[in-house]
Amino acid sequence: MRSSGVHHVDLVVSSIERSLPFYAELLSPLGFHRISEVEGERGETIWYIGGPGSAIGLREAQSDDGPYDRYKVGLHHLAFEAASRADVDERAEWLRAHDVELESEPQEYAYIPGYYAVFFYDPDGLKLEIVHLPTLSAA
C-alpha cells in the first residue's frame, strides 16, 4: 500500500488568537481553505486548516517549559509546497508586509535542482518554509 502523504501536522502555539489568523492568511493562497475545530484529548479546541491532501492543526499550549528551540527533540521546521516560484515570491511579499521575520529571502538552494524557497518564523519562532520544486509540480 502506498501512502498519499502526510495527513496532518499539529502545532502547539502560545496564542490561538495570534496564530490562527497568521496560518489561515499565510496558507490560503496555497490552497488551505477549510477551517474546522475538534475537541482534543484534554478538552482543548484544536483548529484545523485543511488544504490539498493535508491539514495543519493548531492548539494552544497547556504548559510552559521555556522558549521553542528547533534543535531540541521535536519539530525542526515545516515546509509547505507552492505551485510556482511566483507563489513563493508572493508569499514572501505577504510575510514582509506583515513584519514576519525572514530567515532568508526567496532563493534557489542546492538541495536538489530547482529547489526554490523562503524560510521564515511563525509568531512563536517555529521555522517554516514555502518551497517550489519543478519536479513536484510536474509529477
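**Close-ups of a predicted model**

**View 1. Val-100, sitting in the loop that links α2 to β6 (102-109).** This is a predicted model, so keep that in mind for every panel here. Val-100 has a relative accessible area of 13%, which is under 20%, so it counts as buried. Who keeps it company? Skipping the neighbours within four places in sequence, Val-100 is in contact with Phe-22, Leu-95, Phe-120 and Tyr-121. If you want a long-range ruler for this panel, try Glu-44: that residue lies 56 residues from Val-100 along the chain, and the two C-alpha atoms are separated by 27 Å.

**View 2. Helix α1 (residues 16-27) packed with helix α2 (residues 85-97).** The two axes are 10 Å apart and make an angle of about 150°. That angle is over 145, so α1 and α2 come out as roughly antiparallel to each other. The crossing of α1 past α2 is right-handed. On the α1 side the contact uses Phe-22, Glu-25 and Leu-26, while α2 brings Arg-91, Trp-94 and Leu-95. Sorted by type, the residues of this contact give four nonpolar, two charged and no polar. Two of these names turned up in the previous panel as well: Phe-22 and Leu-95 both touch Val-100.

**View 3. Arg-18, a residue of helix α1.** Is this side chain's residue buried or exposed? Neither, quite: with 38% relative accessibility, Arg-18 counts as partly exposed. Leaving out residues up to four places away in sequence, Arg-18 touches Pro-123 and Asp-124. For scale, take Ile-46, which is 28 residues from Arg-18 in sequence, with 14 Å between their C-alpha atoms.

**View 4. An open sheet of four strands, ordered β1-β4-β3-β2.** The pairing is mixed. At the edges you'll find β1 (8-13) and β2 (34-39), each of them paired on one side only. Ignoring direction, neighbouring strands of the sheet are turned by 25° against each other on average. Helix α1 packs on this sheet and touches β1, β2, β3 (45-50) and β4, with its direction at about 165° to that of β4.

**View 5. The β1 and β4 pair, up close.** Strand β4 covers residues 55-60, and six bridges join it to β1. Which way do the two strands run relative to each other, parallel or antiparallel? They run parallel. One bridge to look for starts at Val-13, whose partner in β4 is Glu-60. As a general reminder, strands of a sheet pair through backbone hydrogen bonds, in either a parallel or an antiparallel way.

Key:
Residues numbered from 1 in each chain as written. Predicted model: local features only at pLDDT ≥ 70, side-chain atom pairs only at ≥ 80, totals over all residues. Heavy atoms only, no water. Axes fitted to C-alpha atoms, helices over the stretch in contact; angles between N-to-C directions. Parallel < 35°, antiparallel > 145°, perpendicular 65-115°, else oblique. Left-handed = near helix turned anticlockwise from the far one by under 90°. Contact = heavy atoms within 4.5 Å. Nonpolar A, V, L, I, M, F, W, Y, C, P; charged D, E, K, R; others polar. Pairing = 2+ DSSP bridges. Buried < 20%, exposed > 50% of the residue type's maximum accessible area, 1.4 Å probe, protein only.
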